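Visitor: I'm new to this one, so could you walk me through it?
Guide: Sure, have a look first and then ask away.

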Amino acid sequence: MIDRLTTQRACLEFAAGDIAARDGPVLEIGLGKGRTYSHLRALLPRREIFAFDREVHAPADAQPDAAHILLGDFRETLPAAAAVIGAPAALIHADIGSEKPARDAKLAAAIAPHLAVLAAPAALVLCDRALPVPAWTRLPLPKGAGDWEYFVYRVPQ
């Protein structure tokens, strides 16, 4: 757990610095308990952040307002998200992993094309599972990342 969180934190901090000069919202795919969402708010206090999840499990202080959360199956909410978020995303963070790798791989394959549509040119996409988008470049993990597999992708310009 410590390696996972250390890696995730290093990736999020790298991403926050990388997108600092770019416009666009941040998408948090998988709100969960709201811990990563809260960290993103602290890293990017002036950035609009939209969260996605099947249902809300986060405490009130770790969840977005109603205008910034899209509830339902990712395969249904992501295709319609562009109309809600209003601009291509500078950063997409997808925390979709479970203890079922085969199921996770199917979900990653299903949502990857939707994430590709939502991402701005030169955006970063972070995920705890591989996302099969051939046009994206996988970047090495940033300095300070733990010993945990994580995926950092750069969307082409």
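What follows is a short chat about this predicted model.

Visitor: Which helix or strand gives the largest share of the largest nonpolar core?
Guide: That core has 30 residues, and Leu-27, Ile-29, Phe-52, Ile-92, Ile-96 and Leu-131 touch the most other members. Several elements supply at least two residues each, including β1 (26–29), β2 (49–53), β4 (89–94) and α5 (101–118). The largest share is six residues, and it comes from α5.

Visitor: What does Leu-131 touch, leaving aside its neighbours within four places in sequence?
Guide: Leu-131 is among the core residues that touch the most other members. Leaving those close neighbours aside, its contacts are Ala-108, Ala-112, Leu-115, Val-125, Trp-136 and Tyr-153.

Visitor: How many residues are in the other core?
Guide: Another core lies apart from the one with Leu-131. Among its members are Ile-19, Ile-69, Leu-91 and Leu-124. Its size is 21 residues.

Visitor: How far does helix α1 reach from its first C-alpha to its last?
Guide: Helix α1 covers residues 2–18, which is 17 residues. At 1.5 Å a residue, the expected reach is 24 Å. The model comes close to that, with α1 reaching 24 Å.

Visitor: What covers the buried residues of α1?
Guide: The buried residues here are Thr-7, Gln-8, Ala-10, Cys-11, Leu-12, Ala-15 and Ala-16. Their cover includes α2 (35–43), β4, β5 and β7.

Visitor: Why is there no bond between Cys-11 and Cys-127?
Guide: Both are buried: Cys-11 is at 0% relative accessibility, and Cys-127 has a relative accessible area of 0% as well. A disulfide needs the sulfur atoms within 2.5 Å. The closest cysteine sulfur to that of Cys-11 is in Cys-127, and it is too far for a bond, at 11 Å. The structure's count of disulfides is zero.

Visitor: Which side chain of opposite charge is nearest to Asp-53, and how far away is it?
Guide: Asp-53 is found in strand β2 and is buried. Not counting residues up to four places away in sequence, it touches Gly-30, Leu-31, Gly-32, Leu-70, Leu-71, Gly-72 and Phe-74. A salt bridge would need the atoms within 4 Å, and Asp-53 has none. The nearest side chain of opposite charge is Arg-54, at 6.3 Å.

Visitor: Which residue forms a salt bridge with Glu-13?
Guide: Side chains of opposite charge can pair when their charged atoms come close. The partner sits four residues from Glu-13 in helix α1, so about one helical turn separates the two. Glu-13 is partly exposed at 35% relative accessibility, and its partner is partly exposed at 49%. With the closest N and O atoms 2.9 Å apart, that partner is Arg-9.

Visitor: How many residues apart are Asp-104 and Arg-129?
Guide: Their side chains meet in a salt bridge, 2.9 Å from N to O. Asp-104 is buried, with a relative accessible area of 2%, whereas Arg-129 is partly exposed at 25%. The pair links distant parts of the chain, with Asp-104 in helix α5 and Arg-129 in the loop between β5 and β6 (137–139). Along the chain they are 25 residues apart.

Visitor: Which residues are linked in a network of salt bridges?
Guide: The structure holds six salt bridges. One of them joins Arg-22 and Asp-18, whose closest N and O atoms are 2.8 Å apart. The network links Asp-18, Arg-22 and Arg-154.

Note on methods
Residues are numbered from 1 along each chain as its sequence is written. This is a predicted model: local features need pLDDT of at least 70, side-chain atom pairs count only at pLDDT 80 or more; totals for chains, interfaces and linings use all residues. Side-chain values use heavy atoms; hydrogens and water are left out. A nonpolar core is a set of buried Ala, Val, Leu, Ile, Met, Phe, Trp, Tyr and Cys residues joined through side-chain atoms within 4.5 Å. Buried means under 20% relative accessible area, exposed over 50%, partly exposed in between (1.4 Å probe, protein chains only). Contact means heavy atoms within 4.5 Å. The expected span of a helix is 1.5 Å times one less than its number of residues. Lys and Arg count as positive and Asp and Glu as negative; His and the chain ends are not counted.
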